[in-house]
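Before going through a fold step by step, it helps to have the chain itself in view. Please look it over, and then follow the conversation below.

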Amino acid sequence: MCKFRLYDESAQSYHRRYSQIQRIKYQAIVTYLERCPLVDVGIGTGIGLASIIEFAPIVGVDWAIEMLRIAHKQVIKINEWNQAISLVCASAEALPFRNNVFPTVVSITVIQNLNNIQRGIQELIRIVQPRGILAITTLEKCLPIQELETEFNQLSTPIVRLENLGNEDGGLIYKLPS
Ligand SMILES: C[S@@+](CC[C@H](N)C(=O)[O-])C[C@H]1O[C@@H](n2cnc3c(N)ncnc32)[C@H](O)[C@@H]1O
């Protein structure tokens, strides 16, 4: 079975089960974010939307349509505040964006799931603007933060190692060079 089908099938239970813990991770990164528009790569069911809404316009990317369906419900709630939020069904390993377009890129608990992690890292870096911010977390039991940092080291240096993500994820904030 394709991996994204597994996410489709578990979308409802994911949203119920992980809302609280994932929200903590989004809340931990917002203080480091600076400018909009923001892209959330692997937005899932939109658990983090309320935390990052101040950086709208927001583009949320995910390859699992059932995850995006739930995210769309969150968007409808949030649209009471008239924020611009777009959802895109696409792979994190082949993002449908031009180079250097987003001042802020976030990806929370996604990178460890990719088939080709290096390819995913290249894609995340490719779409960040010069001097833009990339906030990334990884589920440590699948991909330890040290390994992620090693993968990134050839490309950029983290400015912050996140400490307050709960006990599942490690996270890094990068500011891309000019
Ligand atoms: C653990 S969930 C995290 C979702 C959201 N960031 C959160 O914190 O609630 C991982 C998400 O990444 C998505 N994902 C995994 N591999 C992907 C890929 N190659 N391309 C796009 N999305 C992917 C899954 O569909 C799922 O929604």
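What follows is a dialogue between a learner and a teacher about this predicted model.

Q: Where should I begin, and how many helices and strands does the chain have?
A: A reading can begin with the inventory, and here the secondary structure comes to six helices and seven strands. Followed along the sequence, these elements come in the pattern α-α-β-α-β-α-β-β-α-β-α-β-β. The radius of gyration is 15 Å, close to the 16 Å that the globule rule gives for 178 residues, so the chain is as compact as a globular protein of that length. As for its extent, the C-alpha atoms fill a box of roughly 40 × 35 × 30 Å along the principal axes.

Q: How do I read the sheet, and what is the order of its strands?
A: The order in space is read separately from the order in sequence, and in this open sheet of seven strands it is S3-S2-S1-S4-S5-S7-S6, with mixed pairing. The edges are strand S3 (85-89) and strand S6 (158-162), each of which pairs on one side only. Neighbouring strands of the sheet are turned against each other by 15° on average, if direction is ignored.

Q: Which strands run parallel to S4, and over how many bridges?
A: Each pairing is read from its bridges and its sense. Strand S1 (residues 38-41) runs parallel to strand S4 (residues 102-107), and three bridges join them; one place to look is valine 39, whose bridge partner in S4 is valine 105. S4 also pairs in the parallel sense with S5, over five bridges, and there valine 106 stands opposite alanine 135 of S5. Between these two strands the chain passes through H5, in a β-α-β crossover that is right-handed.

Q: In which sense, parallel or antiparallel, do S5 and S7 run?
A: S5 and strand S7 (residues 169-175) run antiparallel and are joined by seven bridges, with leucine 139 standing opposite aspartate 169 in S7.

Q: What should I look for where helices meet the sheet, and which strands does H4 touch?
A: Two things can be noted, namely the strands that a helix touches and the angle between their directions. Helix H4 (residues 65-78) packs on the sheet, where it touches strand S2 (58-62) and S3, and its direction makes about 175° with that of S3. S2 and S3 themselves run parallel and are joined by five bridges, among them the pairing of aspartate 62 with cysteine 89 in S3; together with H4 they make a right-handed β-α-β unit. Helix H5 (residues 117-127) lies across S1, S4 and strand S5 (128-139), and runs at about 145° to S5.

Q: Where does the backbone have cis peptide bonds?
A: The angle to read is omega, and the bond from cysteine 36 to proline 37 is cis, with omega near 0°; proline 37 is found in the loop between helix H2 (11-30) and S1. The bond from alanine 56 to proline 57 is also cis, with omega near 5°, and proline 57 lies in the loop between helix H3 (49-52) and S2. Another backbone angle to read is phi, which in asparagine 100 is near 55°, a positive value in a residue other than glycine; asparagine 100 lies in the loop between S3 and S4.

Q: Finally, which residues come nearest to the ligand?
A: A ligand site can be read from the residues around it, and of the 20 here, Gly42, Gly44, Trp63, Ala64 and Ala92 come nearest. By character, the residues of this shell divide into eleven nonpolar, seven polar and two charged.

Technical notes. Residues numbered from 1 in each chain as written. Predicted model: local features only at pLDDT ≥ 70, side-chain atom pairs only at ≥ 80, totals over all residues. Near = placed C-beta within 6 Å. Nonpolar A, V, L, I, M, F, W, Y, C, P; charged D, E, K, R; others polar. Pairing = 2+ DSSP bridges. Helix = DSSP H or I, 4+ residues; strand = E, 2+ residues; numbered from the N terminus. Axes fitted to C-alpha atoms, helices over the stretch in contact; angles between N-to-C directions. Contact = placed C-beta atoms within 7 Å. Right-handed = clockwise from strand over helix to strand, strands pointing away. Rg over C-alpha atoms; globule rule 2.2 N^0.38 Å.
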